[in-house]
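Biologist: I would like a close look at a single part of this protein. Please keep to one element and its surroundings.

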Amino acid sequence: MYLVVYDIEAARADLIDRGIDVSDMFHDAGGIFHHIGNKQRVNGPAPDRRDYGSFASFSDPDGNGWMLQEIKNRAPGR
């Protein structure tokens, strides 16, 4: 499940302050996140902090996986 956020650093810090174990920020080596698991993950935000490219992950108490995704400007039609 995805949580789309405007500022991934602020959202990640807020979750950590609430005691949630959140991964470091990462982006996909190919430029588009479409891989399952950790394959192709590169530490740090997407180059130039491009929209749709920076992520962090965490699990809730029920074991559901969540992905933070930073989007500041939505693509046309979305």
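Which residues are buried in helix α1 (residues 8–17)?

Modeller: This is a predicted model, in which local features need pLDDT of at least 70, side-chain atom pairs count only at pLDDT 80 or more, and totals for chains, interfaces and linings use all residues. Residues are numbered from 1 along each chain as its sequence is written, and side-chain values use heavy atoms, without hydrogens or water.

In α1, the buried residues (under 20% relative accessible area, 1.4 Å probe, protein chains only) are Ile 8, Ala 11, Arg 12 and Leu 15. Seen down the helix axis, they fall within an arc of 100° (taken from the directions from the axis to the C-beta atoms), so they line one face of α1. That buried set packs against β1 (2–5), β4 and β5 (65–70).

At the N-terminal end, Asp 7 caps α1, with a side-chain oxygen 3.1 Å from the backbone nitrogen of Glu 9. After the helix comes Gly 19, with a positive phi near 90°.

The protein chain has one helix and five strands (DSSP runs of H or I, at least four residues, and of E, at least two). Their order from the N terminus is β-α-β-β-β-β. Of its 78 residues, 31% count as buried.

Ile 8 also leads to a residue outside the helix: Ser 54 is in contact (heavy atoms within 4.5 Å) with several residues beyond four places in sequence, including Ile 8. Ser 54 lies in the loop between β3 (41–43) and β4 (55–59). Ser 54 counts as buried because its relative accessibility is 0%.

Technical notes:
Buried < 20%, exposed > 50% of the residue type's maximum accessible area, 1.4 Å probe, protein only. Polar contact = N/O pair within 3.5 Å; in protein donor to acceptor, adjacent residues only side chain to side chain.
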